[in-house]
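Reader: I would like to learn how to read a protein model, feature by feature. Please give the general idea each time, and then the case at hand.

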Amino acid sequence: MPLDDKPHATPADADRERAATHAGACFCGSVRFEVAGAPEAMGYCHCDSCRRWSAGPVNAFTLWKPDALRVTQGADHIGTYRKTPRSERKWCRVCGGHLFTHHPHWNLTDVYAAVIPDFPFHAGVHVNYHETRLPMHDGLPKFHDVPAEMGGSGTTIPE
Ligand SMILES: [Zn+2]
Ligand SMILES: [Zn+2]
């Protein structure tokens, strides 16, 4: 199944999305960046790591090929934290605000929807839903962990 959810997208929409860039910034604005085109997937992650890292009950993610992301200001302010080799978490050393997380095993970068406020976020999926602390009854697929094409079980669980 496709990871994104764009059932009403037309070819014109797709062209516009490819051409579009969306600006992002950390909490203080020292680090600025942009994403270009369309993400590979969008959704909500309910895992314990996202909860602790974001200090929120759920994390809205957008996954991009790394070359879709370009840091335009303050690259020297970006800190990196790796709790595991699967996630290189990037944050601003000035304000502590979180930016994005690169996942080398997928070669995808998760740009948090919260830091690209003008990007038209449309969740397609929920992942790691068995860890949820904030059930969301929105009719979208709820994966126990992650879809099979992402290396997960592919198992879905009911809302
Ligand atoms: Zn900052
Ligand atoms: Zn997560």
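Author: The dialogue below goes from the overall fold to the sheets, the core and some individual residues. Please note that this is a predicted model.

Reader: Which helices and strands does the protein chain have, and in what pattern do they follow one another along the sequence?

Author: One begins by listing the elements in order. The protein chain has two helices and ten strands, and the pattern along the sequence is α-β-β-β-α-β-β-β-β-β-β-β.

Reader: What share of the contacts in the protein chain joins residues at least 24 apart?

Author: Among contacts between residues at least 6 apart in sequence, 55% join residues at least 24 apart. As for burial, 29% of the 159 residues count as buried.

Reader: How should one read the sheets?

Author: Strands of a sheet pair through backbone hydrogen bonds, either parallel or antiparallel. One sheet here is open, has three strands in the order 1-2-5, and is antiparallel in its pairing. Strand 1 and strand 5 are its edge strands, each pairing on one side only. From one strand to the next, the twist averages 30 degrees.

Reader: Which residues stand opposite each other in this sheet, and how many bridges join strand 1 to strand 2?

Author: Strand 1, residues 21-25, is joined to strand 2 by five bridges, and the two run antiparallel. Glycine 24 has phenylalanine 33 of strand 2 as its bridge partner, and alanine 23 stands opposite glutamate 34. The two strands form a hairpin with six residues between them, and glycine 29 in the turn has a positive phi of about 90 degrees. Strand 2 is also joined to strand 5, residues 69-73, by four bridges in an antiparallel arrangement. There, arginine 32 stands opposite glutamine 73.

Reader: Which side chains of strand 2 are buried, and which are not?

Author: The side chains alternate along strand 2. Phe33 and Val35 point to one face and are buried, whereas Arg32, Glu34 and Ala36 point to the other face and are not.

Reader: What is the order of the strands in the sheet of seven?

Author: That sheet is open, with the order 6-7-8-9-4-3-10 and mixed pairing. Strand 6 (78-81) and strand 10 stand at the edges with a single partner strand each, so one side of each is left without a neighbour in the sheet. Direction ignored, neighbouring strands of this sheet are turned by 30 degrees against each other on average. Within it, strand 4 and strand 9 run antiparallel and are joined by four bridges. Threonine 62 has valine 111 of strand 9 as its bridge partner.

Reader: How does one recognise the core, and which residues touch the most other members?

Author: In soluble globular proteins, nonpolar side chains tend to be buried together. The largest nonpolar core of this model has 29 residues, of which Leu99, Val111 and Val115 touch the most other members. Strands that each supply at least two residues include strand 2, strand 4, strand 8 and strand 9. Strand 3 gives the most, with four residues.

Reader: With which residues is valine 111 in contact, leaving aside its neighbours within four places in sequence?

Author: Valine 111 is in contact with Gly24, Val35, Thr62, Trp64, Leu69, Phe100 and Ile116.

Reader: Asparagine 107 and asparagine 128 each have a positive phi. Is each of them buried or exposed?

Author: One counts the C-beta atoms within 10 Å: 20 or more make a residue buried, and 12 or fewer make a residue exposed. Asparagine 107, in the loop between strand 8 and strand 9, has a phi of about 50 degrees. With 10 such neighbours, asparagine 107 counts as exposed. Asparagine 128 lies in the segment after strand 10, and its phi is near 55 degrees. With 22 such neighbours, asparagine 128 counts as buried.

Reader: Where does arginine 89 lie, and why is arginine 89 classed as partly exposed?

Author: Arginine 89 is in strand 7. The class is partly exposed because 17 other C-beta atoms lie within 10 Å of arginine 89, a count between the two cut-offs. Leaving aside neighbours within four places in sequence, arginine 89 is in contact with Trp53, Thr80, Tyr81 and Thr101. Its C-alpha atom is separated by 9.3 Å from that of aspartate 110, which is 21 residues apart along the chain.

Definitions and conventions. Residues numbered from 1 in each chain as written. Chains lettered and ligands numbered in written order. Predicted model: local features only at pLDDT ≥ 70, side-chain atom pairs only at ≥ 80, totals over all residues. Contact = placed C-beta atoms within 7 Å. Core = buried A, V, L, I, M, F, W, Y, C linked by C-beta atoms within 7 Å. Pairing = 2+ DSSP bridges. Axes fitted to C-alpha atoms, helices over the stretch in contact; angles between N-to-C directions.
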